[in-house]
Amino acid sequence: MKMRNLLFAVIIAALGSPAAATGNAEFRDPWIRWLPGSAPMGGYFSLDNPGQDPLAVSGASSPAYGSVSLHRTSHRQDGTTSMQPVDLPLTVPGNSTIAFEPGGYHLMLRAPQHSISPGDRVTITLHLASGNRIRATFDVYSPAGK
Amino acid sequence: MFPRQLLHALAVLVPLVSMLLVSGCSDYEWKTSNITGKFPDLEFELTSEHDETITEEDFANTINMLFFGFTSCPDVCPMTLSRLNMVMDNLEPQERRQIRVLFVSVDPQRDTPPKLREYTNAFGPHLVGATADVETLETLTSRYHTAFSYGEKDSEGNYNVNHNGSVFVFDRQGKARLKVTASSVGGIPSDSVEAIASDLRALID
């Protein structure tokens, strides 16, 4: 009996990766498309939620930008495309990934606090409804992007 | 006498050969959306990024790509223009020289000529910025069956502009030939760089 319980424990431990056990959300591939002048820039990444529980993103901030907001591009019925602020919190279900990519979800980065150029690296923090924060370093690319 | 006969022969041969070439081209299967005969010719009067009046005559004898956007657009506009940059990279320099991209801002309130110039310079020499008053822009966009509208201003005065993401391609004679989707929105895929480059090559030939 004890042996069987131990076996189960070993199997469960083997199935769950360390990340899944702790539920640490992780950024993948964070980057910013630089634009000249006062044009707002788009920030992109994937966010993995390896935990069982959903992850609620309540906002974002950066020391490099006065304003960081979550937006989404979508098609309208009249054939035009439109950008809308995302309703917060944005929920990432457990064991899933949400992609912030051109033509969909993106971070709208306004009011640079200092001169930012392609080649720079910029820190952005996602705020979770739980009070936790996830920070990542974004690579700044030229307008041609990645 | 001989030169005159040669001229006569050429007068017959040249159109014949061109006809053959054109009919050869008609076998080409377009990879983007063929709008030949469905959309009106390129015709406009706009203020350029150099604050000069420009018309379609300034764009004669080149393959022109027309795109309506605005510079305060962090997502769709740069995605479209960067894809067109990739298309240009895919072409030979002598092909590239025959193509221009006309970026028409539908946000004249914010997109002044200097701002447009700074923006287009960031993408490359093939890109020319222009704009006009709202009424002129409405006439031009509706000519190509598209529209634009303005979102509400936020507390800081920022607003979104709803616009069409299509790129219209005109041949050297100013005839509308292709509608290209160079951005992928909401998971709907765009035309590939190779497809767009191939169609442009077919228009150049």
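Ala147(B) lies in the loop that joins helix 5 (134-143) to strand 7 (149-150) of chain B. In this predicted model, the residue has a relative accessibility of 33% and therefore counts as partly exposed, since that class covers values between the 20% limit for buried and the 50% limit for exposed. Leaving aside residues up to four places away in sequence, Ala147(B) touches Thr141(B), Asn162(B), His163(B) and Asn164(B), and also Thr80(A). The C-alpha atoms of Ala147(B) and Leu46(B), which are 101 residues apart along the chain, are separated by 17 Å.

The contact with Thr80(A) leads to the interface of the two chains. Chain A contributes 29 residues to the contact and chain B contributes 28 residues. The size of an interface is often expressed as the accessible area that is lost when the parts come together. Here chain A and chain B bury about 2,200 Å² between them, and 57% of this lies on carbon and sulfur atoms. On the side of chain B, Pro74(B), Asp75(B) and Val185(B) supply 27% of the area that this chain buries against chain A, more than any other three residues. The count of salt bridges between chain B and chain A is zero.

Ile99(B) offers a second point of entry into chain B, in strand 5 (residues 99-105). Its relative accessible area is 2%, so Ile99(B) is buried, the limit for that class being 20%. Not counting residues up to four places away in sequence, the contacts of Ile99(B) are Ile63(B), Met65(B), Met88(B), Leu91(B), His126(B), Leu200(B) and Ile204(B). Between the C-alpha atoms of Ile99(B) and Phe170(B), 71 residues apart along the chain, the separation is 9.9 Å.

The cysteines may be considered next. Cys73(B) has a relative accessibility of 3% and hence counts as buried. Cys77(B), at 0% relative accessibility, likewise counts as buried. Over all chains the count of disulfides comes to zero.

The aromatic residues form a further theme. A pair of aromatic rings is described by the distance between the centres and the angle between the planes. Over all chains, the structure holds 17 aromatic pairs. In one of them, the ring centres of Phe44(B) and Phe59(B) are 5.5 Å apart and the planes stand at 75°, so the pair is edge-to-face, an angle over 60 degrees being required for that description. This pair links distant parts of the chain, with the two residues 15 residues apart: Phe44(B) is in the loop between strand 1 (33-34) and strand 2 (45-48) of chain B, and Phe59(B) is in the loop between strand 3 (53-55) and strand 4 (63-69) of chain B. Phe44(B) and Phe59(B) are both buried. Tyr119(B) and Phe123(B) form a tilted aromatic pair, with 5.3 Å from centre to centre and 50° between the planes. Tyr119(B) and Phe123(B) are also buried.

In chain A, ring pairs link Phe27(A), Phe45(A), Phe100(A), Tyr105(A) and Phe138(A) into a cluster. Tyr105(A) has a further partner, for Arg72(A) lies over the face of its ring at 4.3 Å from the ring centre. In chain B, Arg110(B) lies over the face of Tyr159(B), at 3.6 Å from the ring centre.

Key:
Residues numbered from 1 in each chain as written. Chains lettered and ligands numbered in written order. Predicted model: local features only at pLDDT ≥ 70, side-chain atom pairs only at ≥ 80, totals over all residues. Heavy atoms only, no water. Phe/Tyr/Trp six-rings, centres within 6.5 Å; stacked < 30°, edge-to-face > 60°. Helix = DSSP H or I, 4+ residues; strand = E, 2+ residues; numbered from the N terminus. Buried < 20%, exposed > 50% of the residue type's maximum accessible area, 1.4 Å probe, protein only. Lys NZ or Arg CZ within 6 Å of the ring centre and 35° of its normal. Disulfide = S-S within 2.5 Å. Contact = heavy atoms within 4.5 Å. Buried area = accessible area lost by both parts, 1.4 Å probe. Salt bridge = Lys/Arg side-chain N within 4 Å of Asp/Glu carboxyl O.
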